[in-house]
Amino acid sequence: PLIFVLNGPNLNLLGTRQPEIYGAETLDDIEALCAETADALDLAIDFRQSNVEGELISWVQEARSLAAGIIINPAGYSHTSVALMDSLLASDLPVVEVHLSNIHRRESFRHLSYVSKAAQGVICGLGPHGYALALRGIAGILAQAEQ
Ligand code: DQA
């Protein structure tokens, strides 16, 4: 099964972007971790990043016909985008939301994620490892759906 791993705005800057919050690993490092983890779980991934809200929404729509699940770090759009939430609700796919940082420990405007309303599970605060855990979570959801 193919899983879309979608990354929102400014995540292309990981490694140099506020490393005290987001760590030293780059998005390429996270992609490599996802590829390795997916391989071990017999999953394939399509890993993408965009700074453009509409592009992320188009990718979620694309996933409807191509993917078995979606992992998404919506970054700043988590806290603003009803449209991204709606696209995920319309996808009818299992969705796991990931944040590198623990959004609940941070500014109050980060405590609400619209995307969480469309997510089966949410992982935050565990850095890049959260992506690996999300892949395991999706594998579990898919295995359960097969029974
Ligand atoms: C983030 C948390 C968001 O609040 C922030 O806007 C980001 C990254 C995270 O991965 O911790 O850009 O999604």
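This report describes the ligand surroundings, the annotated residues, two helices and some backbone features of a predicted model.

Residues are numbered from 1 along each chain as its sequence is written. Because the model is predicted, local features need pLDDT of at least 70 and side-chain atom pairs count only at pLDDT 80 or more, while totals for chains, interfaces and linings use all residues.

**Ligand shell and binding-site annotation**

The ligand is surrounded by N10, N73, A75, G76, S78, H99, L100, S101, I103 and R110, a residue being near a molecule if its C-beta atom, placed from the backbone, lies within 6 Å of it. By class this shell holds 3 nonpolar, 6 polar and 1 charged residues, where Ala, Val, Leu, Ile, Met, Phe, Trp, Tyr, Cys and Pro count as nonpolar, Asp, Glu, Lys and Arg as charged, and the others, Gly among them, as polar.

An unreviewed UniProt entry lists N73, H79, D86, L100, S101 and R110 under "binding site". These residues are spread over 38 residues of sequence and are also spread in space, with up to 23.9 Å between C-alpha atoms. UniProt positions are given in the numbering used here, feature names are shortened, and annotations may be inferred rather than shown by experiment.

Of the listed residues, S101 is found in the loop between β4 (95–99) and β5 (121–124), and R110 is also found in the loop between β4 and β5; helices (H or I, at least four residues) and strands (E, at least two) are DSSP runs, numbered from the N terminus. Leaving aside neighbours within four places in sequence, S101 is in contact with I21, Y22, R106, C124 and G125, contact requiring that the two C-beta atoms, placed from the backbone, lie within 7 Å. With residues up to four places away in sequence again not counted, R110 touches H79 and I103.

**Active-site annotation**

The annotation "active site", likewise from the unreviewed UniProt entry, covers Y22 and H99. Although these two are spread over 78 residues of sequence, they cluster in space, the largest C-alpha distance being 9.5 Å. Y22 is found in helix α1 (residues 19–22), and, not counting residues up to four places away in sequence, Y22 touches L14, R17, L100 and S101. H99, in turn, is found in strand β4, and its contacts, counted in that way, are with N73 and C124.

**Exposure of selected residues**

A residue is buried if 20 or more other C-beta atoms lie within 10 Å of its own, exposed if 12 or fewer, and partly exposed in between, with C-beta atoms placed from the backbone. The table applies these cut-offs to residues discussed in this report.

| Residue | Other C-beta atoms within 10 Å | Class |
|---|---|---|
| S101 | 17 C-beta atoms | partly exposed |
| R110 | 17 C-beta atoms | partly exposed |
| Y22 | 19 C-beta atoms | partly exposed |
| H99 | 24 C-beta atoms | buried |
| Q18 | 11 C-beta atoms | exposed |
| A75 | 19 C-beta atoms | partly exposed |

**Helices α3 and α5**

Helix α3 (residues 53–66) has 14 residues and reaches 20 Å from its first C-alpha to its last, close to the 20 Å expected at 1.5 Å a residue; the expected span is 1.5 Å times one less than the number of residues. Within α3, L56, I57, V60 and A63 are buried. Seen down the axis of α3, the buried residues fall within an arc of 110°, so they line one face of the helix, the arc being that of the directions from the helix axis to the C-beta atoms. The buried residues of α3 pack against β1 (2–7), β3 (69–73) and α4 (82–91), whereas G54, Q61, S65 and L66 are exposed on the other side of α3.

Helix α5 (residues 129–146) has 18 residues that should span 26 Å at 1.5 Å a residue, and its end C-alpha atoms are 26 Å apart, which agrees. Its buried residues are G130, Y131, A132, A134, L135, G137, I138 and A139, and what covers them includes β1, α2 (27–40), β3, β4 and β5.

**Positive phi values**

Most residues other than glycine have a negative phi. Q18, in the loop between β1 and α1, has a positive phi near 30°. A75, which is found in the loop between β3 and α4, has a positive phi near 50°, and A75 is also among the residues around the ligand.
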